[in-house]
Amino acid sequence: MSTDPRPRRGRLPLRLRRHAVPWQHQRPTWREARPAVIAGALERALARPSGNWYVLGASTDVRRTRPLSGTVAGEEVVVWRDARGRLVGGPGACPHLGAPLADSPVRCGTLVCHWHGLALDGAPFAGWQPLPVHDDGVLVWVRLDTVGEEPPTPAPFVPARPPRATALTSVWRGAGDCEPEDVVANRLDPWHGAWFHPYSFVDLTVVQAPGETPRDGGAGAGGGDGDGDDDRFVVDVSFRLAGRLVVPVRAEFTAPGPRTVVMRITDGEGTGSVVESHATPLGPDGSGRPRTAVVEAVLATSDRPGFPLARRLAPALRPLMRAAAGRLWRDDLAYAERRGHLRARGRFPG
Ligand code: FES
Ligand SMILES: [Fe+2]
């Protein structure tokens, strides 16, 4: 077995790190992780259009008898499925006396306000106006033109994904005291992976950053989000399974929109798998601090013979996938919050 972190397809996806490097002896990455490179990638991401679409949560969280609700930049919104199963939605306050529709049940596709029984089927009623909503099969989105103030688009820009029929999907949601850009900036710093998350990542090398020549000449090939340029980070990294047992892959990170970062495995085990991290501004909390939700969708795929079995085990695997995402995001949100605080005081470096 080799300790070369670069992915190589073999009979077994796993590799045993023979010469495990202690955390403190791994190569420092801070010289390569230039603040200007991360800031440049962030600036370009923020300039991309979103069509005013915001991710609200997982498609599976819109239940037959319960709506899914949330706030986007302080606006209460609620979505549910109508009698035909289509996603509908709009403002989260009842047009009668303002009761929270989030707490109201759905009966036969109609959202029935639990305060005085006003019934909404998704069409305009009594001053309540529906909002454009979109269910991409994994995530639900809502369009708020008054919040985004960009030219609206009929549908959100959904990143290319592996076919649903062959993917194991899981969605994690969390929130922190920060702005969406703090979340995106964190994801556009791939250099921190093995230092900050040694429980998940080892042997990490950024082989290509935006505006740089690939280290091995071929790094950027494959995958992509259709941005049509080389605005991506390409990373060789091993996912740590247990102890010295790792899965080496090549992955690329792109930001197809101002609040979305996509990691796509382009070589190694799970090629074609995608992790989408979406940041949605929730609005200020009671103390006026900005809150942002992170909704992360993992769409894992593999051409290995055992993968259909893994998909059948999805109900058992999803909690594990969500737990892994939750552990990473607990740390990353702490960083995003800190970045937000430093930025608010004008003390953010770079
Ligand atoms: S507040 Fe909803 S029906 Fe009265
Ligand atoms: Fe991280």
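The iron ion (ligand 2) in this predicted model is held by protein donors from His192 (NE2), His197 (NE2) and Asp332, the aspartate giving two OD atoms. These donors lie 2.1 to 2.3 Å from the iron ion. Why is the arrangement around the iron ion (ligand 2) irregular? The four donor atoms subtend angles of 58 to 143°, whereas a tetrahedral label would need all angles to lie between 85 and 135 degrees.

Along the sequence, the donor residues follow the spacing H-x4-H-x134-D. Histidine 197 sits in the loop between α4 (193–196) and β12 (201–208), while aspartate 332 belongs to helix α6 (residues 314–344), so this pair ties together parts that are 135 residues apart in sequence. Are histidine 197 and aspartate 332 buried or exposed? Both histidine 197 and aspartate 332 are buried.

Next, have a look at the pockets. Rolling a probe the size of a water molecule over the atoms shows where empty space is left. The table sets out two of them.

| Pocket | Volume | Lining residues | Lining by class |
|---|---|---|---|
| Largest pocket | about 1,400 Å³ | 49 residues | 32 nonpolar, ten polar, seven charged |
| Second largest pocket | about 630 Å³ | 21 residues | 13 nonpolar, four polar, four charged |

Which residues of the largest pocket lie nearest its centre? They are Phe239, Leu241, Ile265, Val298 and Ala324. Helix α6 gives the most to the lining of this pocket, with eight residues.

In the second largest pocket, the residues nearest the centre are Ala33, Ile38, Asp189, His192 and Tyr335. One of these, His192, is also a donor residue of the iron ion (ligand 2). Four helices, α1 (35–47), α3 (180–187), α4 and α6, each supply at least two residues of the lining of the second largest pocket. Among them, α6 gives the most, with five residues.

Now for some individual residues, starting with the loop between α1 and β2. Serine 50 has its place there, and with a relative accessible area of 8% serine 50 is buried. Leaving aside neighbours within four places in sequence, serine 50 is in contact with Glu150, Thr153, Phe157, Pro258 and Arg259.

Asparagine 52 is found in the loop between α1 and β2 as well. How much relative accessible area does asparagine 52 have? The value is 0%, so asparagine 52 counts as buried.

The backbone of asparagine 52 is worth a glance too. Most residues other than glycine have a negative phi. Asparagine 52, however, has a positive phi of about 70° although it is not a glycine. Glutamate 149 offers another case, with a positive phi near 55° in a residue other than glycine. Glutamate 149 lies in the loop between α2 (145–148) and β11 (168–176), and at 69% relative accessibility glutamate 149 counts as exposed.

A last stop is valine 62, in the loop between β2 (53–58) and β3 (68–72). Valine 62 is buried, with a relative accessible area of 6%. Which residues does valine 62 touch, not counting those up to four places away in sequence? They are Leu68, Val79, Trp80, Arg81, Leu87 and Val140. The C-alpha atoms of valine 62 and arginine 107 are separated by 13 Å, with the two residues 45 residues apart along the chain.

Definitions and conventions
Residues are numbered from 1 along each chain as its sequence is written. Chains are lettered from A and ligands numbered from 1 in the order in which they are written. This is a predicted model: local features need pLDDT of at least 70, side-chain atom pairs count only at pLDDT 80 or more; totals for chains, interfaces and linings use all residues. Side-chain values use heavy atoms; hydrogens and water are left out. Donors are N, O and S atoms within 2.8 Å of the metal (3.2 Å for Na, K and Ca); water is not among the atoms, so sites may look incomplete. Four donors count as tetrahedral if all angles lie between 85 and 135 degrees; four count as square planar and six as octahedral if opposite donors are over 155 degrees apart and all others between 65 and 115; anything else is irregular. Buried means under 20% relative accessible area, exposed over 50%, partly exposed in between (1.4 Å probe, protein chains only). On a 1 Å grid over the protein atoms alone, a cavity is a set of points where a 1.4 Å probe fits but cannot get out, and a pocket is an open set with protein on both sides within 12 Å along at least five of seven lines; lining residues have an atom within 4 Å of a point. Grid points are joined across faces, edges and corners, and a volume is the space filled by probe spheres set on the points. Ala, Val, Leu, Ile, Met, Phe, Trp, Tyr, Cys and Pro count as nonpolar, Asp, Glu, Lys and Arg as charged, and the others, Gly among them, as polar. Contact means heavy atoms within 4.5 Å.
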